[in-house]
Amino acid sequence: MSFMQRWSRRKHESAHQAPQEPAVDETESDEAAETAPEPSTRAAALIPGYDPERPLDEQLPDPDALGAGDDFRAFLLPGVGDMLKRRALRRMFKVGNYNVRDGLDDYDDDYSQLTQMAPETGERMRQWLRQERDKVLSPDDPASEPSTVQPADPAAEDDANATSPEDVAQTERSTLADEEKAPNDPLRPPGAST
């Protein structure tokens, strides 16, 4: 017999049997009733001058008058109104040991007023910025700049205008490099030569 067949048979048998109520041991329920004090006994222990005939809300002190060392347990007894219970809990978390911050919260500090940097740090940062600006504005390699010197003789000028295969290859490489740098240039359609 397979697992599924056994499971199906047990499920079928349990559905047709009458539900059995668990046997409750009377001694256990008596012990549980004896260990848990009645609400009136707890109220008498927590509220001085407790009168079982009057409602609990009338016998409890005003929660706003309680301080840090006062006992708030009487407000949590069954039979105390929800509004009074909320007022007491609000007061308990406003005063006493429950409103102490642990100092681990990232937003405890006021970051709206930043302190001034030390003069040395500010000067060092300005120096770094000047160095970076100078690198951008002044070329590092003088060979990369085009020469502005013109040849004096016209025969040399014709030689300078003549294109050699190496110059053509260099021009094509620079054109391809420019296309790779800016493939989505809106002023130049794709595939157009420069």
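**Salt bridges, a helix face and a nonpolar patch**

E132 and K135 are joined by a salt bridge, with 3.6 Å between their closest N and O atoms. The two residues belong to helix 6 (residues 119-137), where they sit three residues apart, or about one turn of the helix. E132 is partly exposed, at a relative accessible area of 45%, while K135, at 51%, is exposed. The cut-off for exposed is over 50%, so K135 with its 51% falls on the exposed side. Elsewhere, a network of salt bridges with shared partners brings together D62, D64 and R87. The model described here is a predicted one.

It helps to place this pair in the chain as a whole. The chain contains eight helices and zero strands, and its pattern along the sequence therefore reads α-α-α-α-α-α-α-α. Of the 194 residues, 9% are buried. The accessible surface amounts to about 17300 Å², and carbon and sulfur atoms contribute 53% of that surface. Among contacts with a separation of 6 or more, 32% are between residues 24 or more positions apart.

The search of the whole structure returned nine salt bridges. One of them pairs the side chains of R87 and D64, at 3.3 Å from N to O. This pair connects distant parts of the chain, since R87 is in helix 5 and D64 is in the loop between helix 4 and helix 5, 23 residues apart. Both partners are partly exposed: R87 has a relative accessible area of 30%, and D64 has one of 45%. Another salt bridge is formed by D71 and R73, whose closest N and O atoms are 3.1 Å apart. Here D71 is partly exposed at 39% relative accessibility, whereas R73 is exposed at 52%.

Helix 5, which holds R87, deserves a closer look. The helix covers residues 82-94. Its 13 residues should span 18 Å at 1.5 Å a residue, and the C-alpha atoms at its ends are indeed 18 Å apart, so expectation and model agree. Viewed down the axis of helix 5, the buried residues occupy an arc of 75°, which means that they line one face of the helix. These buried residues are L84, A88 and M92, and their packing partner is helix 4 (56-59). The other side of helix 5 carries the exposed residues D82, M83, R86, R90 and K94. After the helix comes G96, which has a positive phi, near 90°.

K85 is a further member of helix 5. With a relative accessibility of 23%, K85 counts as partly exposed; the buried class is reserved for values under 20%, so K85 does not qualify as buried. Setting aside neighbours within four places in sequence, the contacts of K85 are F75, L76, L77 and V80. K85 can also be located relative to F72: the two are 13 residues apart along the chain, and their C-alpha atoms are 9.4 Å apart.

L76, one of the contacts of K85, lies in the loop between helix 4 and helix 5. L76 is partly exposed, at 48% relative accessibility. When residues up to four places away in sequence are not counted, L76 touches K85 and L89. From L76 to A43, the separation is 33 residues in sequence and 10.0 Å in space, C-alpha to C-alpha.

L76 and L89 also appear together at the surface, where they form a nonpolar patch of about 410 Å² with F93 and Y98. F93 lies in helix 5 and is partly exposed, its relative accessible area being 47%. A residue needs over 30% relative accessible area to be part of a patch, and so F93, at 47%, and L76, at 48%, both clear that threshold. Helix 5 thus contributes to several of the features described above: its buried residues pack against helix 4, its R87 forms a salt bridge with D64, and its F93 takes part in the nonpolar patch.

Methods: Residues numbered from 1 in each chain as written. Predicted model: local features only at pLDDT ≥ 70, side-chain atom pairs only at ≥ 80, totals over all residues. Heavy atoms only, no water. Helix = DSSP H or I, 4+ residues; strand = E, 2+ residues; numbered from the N terminus. Buried < 20%, exposed > 50% of the residue type's maximum accessible area, 1.4 Å probe, protein only. Contact = heavy atoms within 4.5 Å. Areas by Shrake-Rupley, 256 points an atom, 1.4 Å probe, with all protein chains shown as cover. Patch = residues over 30% accessible without salt bridge, like charges linked within 9 Å, V, L, I, M, F, W, Y side chains within 5 Å. Salt bridge = Lys/Arg side-chain N within 4 Å of Asp/Glu carboxyl O. Expected span 1.5 Å × (residues − 1). Arc of directions from axis to C-beta.
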